[in-house]
Amino acid sequence: MPAPEPVMTVFPTTPSQTVGPYFAIGLVGPPWPDAALAVPEGAPGAIRIGGMVYDGAGVEIPDHIVEVWGADPEGRFADLHGYGGPSEHEGFRGFARSGDEDGDGSWSVLTLKPGPVPGLGGTTQAPHLDVSVFARGMLHRVVTRIYFADEEEANAADPVLRTVPAERRHTLLAQPVDGGYEIDIHVQGPNETVFFAV
Amino acid sequence: MSDTQETEDVRVIYDPVVETPTSYGREPADAHPPLDYPPYKSTQLRHPKEPLIYLPQQVTEITGPQLGRGVSVLGELDNDLTKQKQGMPIGERITVSGRVFDTEGKPIRNTLVEIWQANAAGRYQHRWDRWEAPLDPNFHGAGRTVTDDQGRYSFTTIKPGPYPWGNHYNAWRPAHIHFSLMGRAFTQRLVTQMYFPGDPFFPYDPIFNSVRDEKARERMISAFDIHATVPNFSAAYTWDIYLRGPGATPFEEAF
Ligand SMILES: [Fe+3]
């Protein structure tokens, strides 16, 4: 499917700039100590999703931010504008931000495993999270999705995954591990993660 | 605060009155800087080489975190960076204010705006910043606020200094304040930098110039505004921010 033409707008958007190396001052840490928690610690059904972020030389990117946004297990969002009304899970924010303060290139968020949500043209989207990655050296965010490797049937029918070349789909699949899922993000390189134009 | 009140606060963040588009417009290719931009050396190993795959916007993309007042730690002094410590920070006190709009000029209300910046000497209070400029014990350099019903935001802060960096010989960043905008949908998310008018470092900064269109670069520069100055208190700069607006096709019909 071809992308629609860019729209002519009255007011063009403000351009993006890099998040730079020092975002922890403002985006994570003291100003927002629970930024990485899409649900409170100890919430029933909470899972940890995380991994590493690598550059094109396979080196960890320490100064990165990973943000996730997704539905709750019933496919409802922490937003009125989803389907079926807002999530009823107490304290579910749907959004989490992991900024690497340890400097080892890792990221990790706590959330609920999303359920399937309706897709275009009567399709059903497999459980997934939308992901933004920011870093020093990136002038604009990149967007990817996280799917779950143990949702084989749902993944096979997912309208977005089906547009991704089969040999690259694995870069979007989080693997089950103790207490959650693991997936690395390769900004560049032989295992480059699939990134999307939204 | 009782449990009941906390629950009510969380409900307040859903704003059913806001008209939410069913899709957001695609932007022209030069609206944002390229991810691969050799003059900014760190982009070299940090840009994808495979083409981006077109993702039709669906429910996950047109919804977004309604953080507004729901941010757990949004404190009263979060938008006054000059009052977060014991004493007054050193430097030129300024008010930075403006409005957040979409590309149709509709204000985006109740949305989170986060900023961070260097102090007056150009030094960040961050352990990785090793530049030999003084730290200011009275300045941390982070602020957050939520836009009002007109999409307005306002910060009181100190004018940040320019600072050197290692991109190339004698590289300097023009003075800037980092801005993070949530918008109201995943699709509207934006991280950018606000600059000050007439900065002599503009022609030499690859990050500023990574935005190839001159008119687009101007949209990152604030304006000195004598009318917004607070007499005997602060000089003022105003800066409006535009996030993506409604697209042409409602997403249900896009197939
Ligand atoms: Fe900076």
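This short talk walks through a predicted model, from its iron site to its core, its enclosed spaces and a few single residues.

Because the model is predicted, local features need pLDDT of at least 70 and side-chain atom pairs count only at pLDDT 80 or more, while totals for chains, interfaces and linings use all residues. Residues are numbered from 1 along each chain as its sequence is written, chains are lettered from A and ligands numbered from 1 in the order in which they are written, and side-chain values use heavy atoms, with hydrogens and water left out.

Let me begin with the metal. The iron ion is coordinated by B:Y124 and B:Y163, each through OH, and by B:H176 and B:H178, each through NE2, at 1.9 to 2.2 Å. Donors here are N, O and S atoms within 2.8 Å of the metal (3.2 Å for Na, K and Ca), and since water is not among the atoms, sites may look incomplete. The angles among the four donor atoms run from 90 to 163 degrees, and the site is irregular. To be explicit about that word, four donors count as tetrahedral if all angles lie between 85 and 135 degrees, four count as square planar and six as octahedral if opposite donors are over 155 degrees apart and all others between 65 and 115, and anything else is irregular. Along the sequence, the spacing of the donor residues is Y-x38-Y-x12-H-x1-H. B:Y163 sits in strand β6 (residues 163–165) of chain B and B:H176 in strand β8 (residues 176–181) of chain B, so this pair ties together parts that are 13 residues apart in sequence. Strands (E, at least two residues) and helices (H or I, at least four) are DSSP runs, numbered from the N terminus. Both B:Y163 and B:H176 are buried, where buried means under 20% relative accessible area, exposed over 50% and partly exposed in between, with a 1.4 Å probe and protein chains only.

One of those donors takes us to the core. The largest nonpolar core has 47 residues, and B:Y124 is among those with the most contacts inside it, together with A:V19, A:F23, A:L172, A:F196 and B:W116. Such a core is a set of buried Ala, Val, Leu, Ile, Met, Phe, Trp, Tyr and Cys residues joined through side-chain atoms within 4.5 Å. Two or more residues of this core come from each of α1, β2 (64–70), β4 (106–112) and β8 of chain A, and from each of β3 (112–117) and β4 (142–146) of chain B. Of these, α1(A) gives the most, with three residues.

Now to the spaces. On a 1 Å grid over the protein atoms alone, a cavity is a set of points where a 1.4 Å probe fits but cannot get out, a pocket is an open set with protein on both sides within 12 Å along at least five of seven lines, and lining residues have an atom within 4 Å of a point. Grid points are joined across faces, edges and corners, and a volume is the space filled by probe spheres set on the points.

The second largest pocket holds about 700 Å³ of space. Its lining has 32 residues, with A:H140, A:A197, B:E27, B:H32 and B:L52 nearest the centre, and by class it has 18 nonpolar, seven polar and seven charged residues. In that scheme Ala, Val, Leu, Ile, Met, Phe, Trp, Tyr, Cys and Pro count as nonpolar, Asp, Glu, Lys and Arg as charged, and the others, Gly among them, as polar.

There are four cavities of 30 Å³ or more. The second largest has a volume of about 60 Å³, and the residues that line it include A:W69, A:F95, A:R141, B:M182 and B:R189. β2(A) supplies the largest share of that lining, three residues, and the lining divides into seven nonpolar, one polar and three charged.

Finally, some single residues. Most residues other than glycine have a negative phi. B:N170, however, has a positive phi near 60 degrees; this residue is in the loop between β6 and β7 (171–173) of chain B and, at 53% relative accessibility, counts as exposed. B:N232 likewise has a positive phi, of about 60 degrees, in the loop between β10 (223–224) and β11 (235–238) of chain B, and is exposed at 84% relative accessibility. B:E114, by contrast, lies in strand β3 of chain B and counts as buried, at 0% relative accessibility.
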